[in-house]
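Subject: Structure for you to look at

Dear colleague,

I am handing over the structure we spoke about, with the sequence alongside. Please open both before you read on, as the notes that follow refer to residues by number.

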Amino acid sequence: MNYLDRQILSVFAPQIVAQFHTNLTNFGWLLSLFSISYAAAALFAGWFLDRAGVNRAISAAVAWWSLAAVASGLAPTFAWLGVSRAALGIGESAGVPAVGKLNGIYLKPEERALGAAVNQVGLSFGSALIPLWVALAGVTSWRVPFLCAGLLGWLWIPLWRVVNRWIPPACGEIDAPAPKAQRSSWSALRDRRLIILVAANVLWMGSYSLWSNWSFIYYTRVYHVSLKEAASYLWIPPLVSNIGGFFGGWLSLAWMRRNQSAVSSRRRAVWVSTFGGLLGLLLPLTTHPGWGTVLISTSFFFALAGSVNIYALPIDIFGASRAGFAIAALTCAFGILQTVTSPIIGWLSDHHLYTQVIWIATAPLLLSAAILQLLPAKQQTLRT
């Protein structure tokens, strides 16, 4: 549900730009409005998750962002749409930290990256539904998918509250607040390890952001295909990315089972993902959307393989009780990244400078992997 509405905006970018008589640069600023509010609210959302417990916090967040999704579909002006997207960012900032915190509550340390990969199946499922949204909009309008996304969010809340009671966690309590000694989550902002993780995440998530928000624009502008034809290709990269998440989780799991520390294992997995992700630099050489899909899928595959390990590191280092705030710091960094890069990508797209877009999203992977080497590789013993 968290990523579904973001994908809808990307899918219908051409219609939105045309209806409101604007351009891709302004569409980039629209994405930045979401990202600014996402980043600004993320740390508070993480603190609230740790303090109030997952159930109360995530129920409030989903209700909020579902209302914002409906408002997006009803937007009479581009400015109204911008306000709705900012409100959406506030609510959705709680989504990824909540998932990470639940991984820490339910899963053993060696399972957490694989758990993040399972979570990513849900995140990417919204992308896989692109053809359905295009078909729905084709017989109605681009606004209807936004309304449906909001309705689905409200239906999810009671379903979640029932299901999580059926499956009690093994490693903690869902609604247990952080211990009093750990409630000063804001002090973690001075922790060198968290600063390293934030910097690495900013540099890593560029390619993920590119293909999450700009894929339709890339296909229609570079390969000159219709919206319908682009939809026939774009369900593939999100599906492949899910496999990449499991690959990254399997890599770190395999090394941890050889008595490597969690930090060392995840750093190695990120290095493997880095060299695989650099294959995305070949994308400007393609002239057919089929070959483009192969390389976009490859880039997405390795983006997720590294991401699941980066997002598992805060749980390894800070523990489940403070995982909400620590992961929120990473999502805050991701929001800042999109705030800065979205207008730049929009401007480059308006001027047909797509090769530069690929370099901006891909080259920083090397620096991200290098920065993670600064983390202390404390050995951890696996539970049997």
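Below is what was found in it, taken by topic.

Please keep in mind that this is a predicted model, and that the values given here are computed from it.

Salt bridges

The structure holds four salt bridges, and I describe some of them here. Lysine 101 pairs with aspartate 50, and the closest N and O atoms of the two are 2.8 Å apart. Because lysine 101 belongs to helix α6 (residues 95-106) and aspartate 50 to helix α3, this pair ties together parts of the chain that are 51 residues apart in sequence. Both partners lie under the 20% cut-off for a buried residue: lysine 101 has a relative accessibility of 3% and so counts as buried, while aspartate 50 is buried with a relative accessible area of 2%.

Aspartate 316 deserves a separate look, since Arg112, Arg266 and Asp316 are linked in a network of salt bridges. In one of its pairings, aspartate 316 forms a salt bridge with arginine 112, with 3.4 Å between the closest N and O atoms; this pair links distant parts of the chain, with arginine 112 in helix α7 (residues 112-128) and aspartate 316 in helix α16 (residues 289-318), 204 residues apart. The side chain of aspartate 316 also meets that of arginine 266 in a salt bridge, at 2.4 Å from N to O. Here aspartate 316 in helix α16 is joined to arginine 266 in helix α15 (residues 262-277), so that parts 50 residues apart in sequence are tied together. As for burial, arginine 112 counts as buried at 10% relative accessibility, aspartate 316 is buried with a relative accessible area of 10%, and arginine 266 is buried too.

Helix packing and a covered helix

Helix α3 (residues 24-52), which carries aspartate 50, packs with helix α17 (residues 323-350) at an angle of about 175 degrees, and the two axes are 7 Å apart. Since an angle over 145 degrees counts as roughly antiparallel, α3 is described as roughly antiparallel to α17. The residues of this contact divide into 19 nonpolar, 13 polar and two charged.

Helix α11 (residues 206-213) is mostly covered, with eight of its eight residues buried; among them are Tyr208, Leu210 and Trp211, as well as Gly206 and Asn213.

Surface patch

On the surface, Met1, Leu67, Leu151, Leu152, Trp154 and Leu155 make a nonpolar patch of about 560 Å². Helix α9 (residues 143-166) contributes the largest share of this patch, namely four residues. Leucine 67, by contrast, lies in helix α4 (residues 54-73), and leucine 67 is exposed, with a relative accessible area of 52%.

Two loop residues with positive phi

Finally, two residues other than glycine have a positive phi. Histidine 224 has phi near 55 degrees and is found in the loop between α12 (215-222) and α13 (227-234), where histidine 224 is exposed with a relative accessible area of 65%. Asparagine 259 has phi near 70 degrees and sits in the loop between α14 (236-256) and α15; asparagine 259 is likewise exposed, with a relative accessible area of 62%.

With best wishes

Methods
Residues are numbered from 1 along each chain as its sequence is written. This is a predicted model: local features need pLDDT of at least 70, side-chain atom pairs count only at pLDDT 80 or more; totals for chains, interfaces and linings use all residues. Side-chain values use heavy atoms; hydrogens and water are left out. Patches are made of residues with over 30% relative accessible area and no salt bridge: like charges are joined within 9 Å, nonpolar side chains (Val, Leu, Ile, Met, Phe, Trp, Tyr) within 5 Å. Accessible areas come from the Shrake-Rupley method with a 1.4 Å probe; for residues, only the protein chains shown count as cover. Buried means under 20% relative accessible area, exposed over 50%, partly exposed in between (1.4 Å probe, protein chains only). Axes are lines fitted to C-alpha atoms, for helices over the stretch in contact, and angles run from 0 to 180 degrees between N-to-C directions. Angles under 35 degrees count as roughly parallel, over 145 as roughly antiparallel, 65 to 115 as roughly perpendicular and the rest as oblique. Ala, Val, Leu, Ile, Met, Phe, Trp, Tyr, Cys and Pro count as nonpolar, Asp, Glu, Lys and Arg as charged, and the others, Gly among them, as polar.
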